[in-house]
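Colleague: Before we talk docking, could you walk me through the labels on this one? I'd like to hear the reasoning behind each of them.

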Amino acid sequence: MDTSVLREDAPTESARRQKTRSRLLDAAFEIFAEHGVHAASVEMITEAAGFTRGAFYSNFSSKEELFFALMEREKAMRIEQLNAGVAQFLTPLVGDGKGIEDDDVVEIITKVLELQSDDRRWWLVQSEFLLLAMRDPQIAGGFLEYQDGFFRELTEIVVAALASASRRFTIDSEEAVRVIAELCANAEARALLSGDERKFSERLSSSVPAILLALTEPI
């Protein structure tokens, strides 16, 4: 057999597989948001993606595995957006080692938040899966592992950003980040319930910087 043919076909097959996975994840996101995680079926997801059950199970062993993949994709996107915001709005301001004032903190956080994805369906889907995990011990472990990993990465970025601005948390760093994240989650839940159509940064621009300032001190 001509192995050169296999080597040439491999990248094409890999790209095709990635495209299939991406379409399944996009379809699952839509179905989960519209029908809820529990009510969504593999058939509903594959039909929305334009694939067969075989295509689904060649990429994911279960609906739950697909959701974890969806969460990982969302995490990677949000971490990337946060890093981009820090590089664009904070790093140039503190490049010379100069500290920043409280008013600067408010302005920087507002600008960074404006780069974050504002798709409210994600908060709805994430809440659905949290409820599913709370009811199913087999899912709970994986959900906690994902959350802990996300907050470790998030905390590293925030701590480094604060240090560059000559600030530090006055309580455990990860606990502080979780407090701020919970504030964001509660605001999103309230926005969904009340029909608040303002942008994410506008809904949080006053509360998040205030909490961050309250939990940090100059160094």
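Modeller: Sure. This is a predicted model, and the largest pocket holds about 1300 Å³ of space. Leu 154, Val 177, Ile 180, Ala 181 and Cys 184 are the closest to its centre, out of 45 lining residues.

Colleague: Which elements give two or more residues to that lining?

Modeller: H4, helix H5 (102–114), H6, H7, H8 and H10. H8 provides the largest share, with twelve residues.

Colleague: How does the lining divide into nonpolar, polar and charged residues?

Modeller: There are 35 nonpolar residues, plus five polar and five charged.

Colleague: On to H7. How do you know that its end-to-end distance agrees with its number of residues?

Modeller: Helix H7 covers residues 137–164, which is 28 residues, and at 1.5 Å a residue it should span 40 Å. The end C-alpha atoms are 41 Å apart, so the two agree.

Colleague: What makes Asp 136 a cap for H7?

Modeller: One of its side-chain oxygens sits 2.9 Å from the backbone nitrogen of Gln 138, at the N-terminal end of H7. A polar contact needs an N or O pair within 3.5 Å, so that distance qualifies. After H7 comes Ser 166, with a positive phi near 60°.

Colleague: Which residues of H7 are called buried?

Modeller: Buried means under 20% relative accessible area, and the H7 residues in that class include Phe 143, Tyr 146, Phe 150, Phe 151 and Leu 154. The buried residues of H7 pack against several elements, among them helix H4 (63–94), helix H6 (120–135) and helix H8 (173–194).

How values were computed
Residues are numbered from 1 along each chain as its sequence is written. This is a predicted model: local features need pLDDT of at least 70, side-chain atom pairs count only at pLDDT 80 or more; totals for chains, interfaces and linings use all residues. Side-chain values use heavy atoms; hydrogens and water are left out. Helices (H or I, at least four residues) and strands (E, at least two) are DSSP runs, numbered from the N terminus. The expected span of a helix is 1.5 Å times one less than its number of residues. Buried means under 20% relative accessible area, exposed over 50%, partly exposed in between (1.4 Å probe, protein chains only). Contact means heavy atoms within 4.5 Å. A polar contact is a pair of N or O atoms within 3.5 Å; within protein, one must be able to donate a hydrogen and the other to accept it, and residues adjacent in sequence count only if both atoms are side-chain atoms. On a 1 Å grid over the protein atoms alone, a cavity is a set of points where a 1.4 Å probe fits but cannot get out, and a pocket is an open set with protein on both sides within 12 Å along at least five of seven lines; lining residues have an atom within 4 Å of a point. Grid points are joined across faces, edges and corners, and a volume is the space filled by probe spheres set on the points. Ala, Val, Leu, Ile, Met, Phe, Trp, Tyr, Cys and Pro count as nonpolar, Asp, Glu, Lys and Arg as charged, and the others, Gly among them, as polar.
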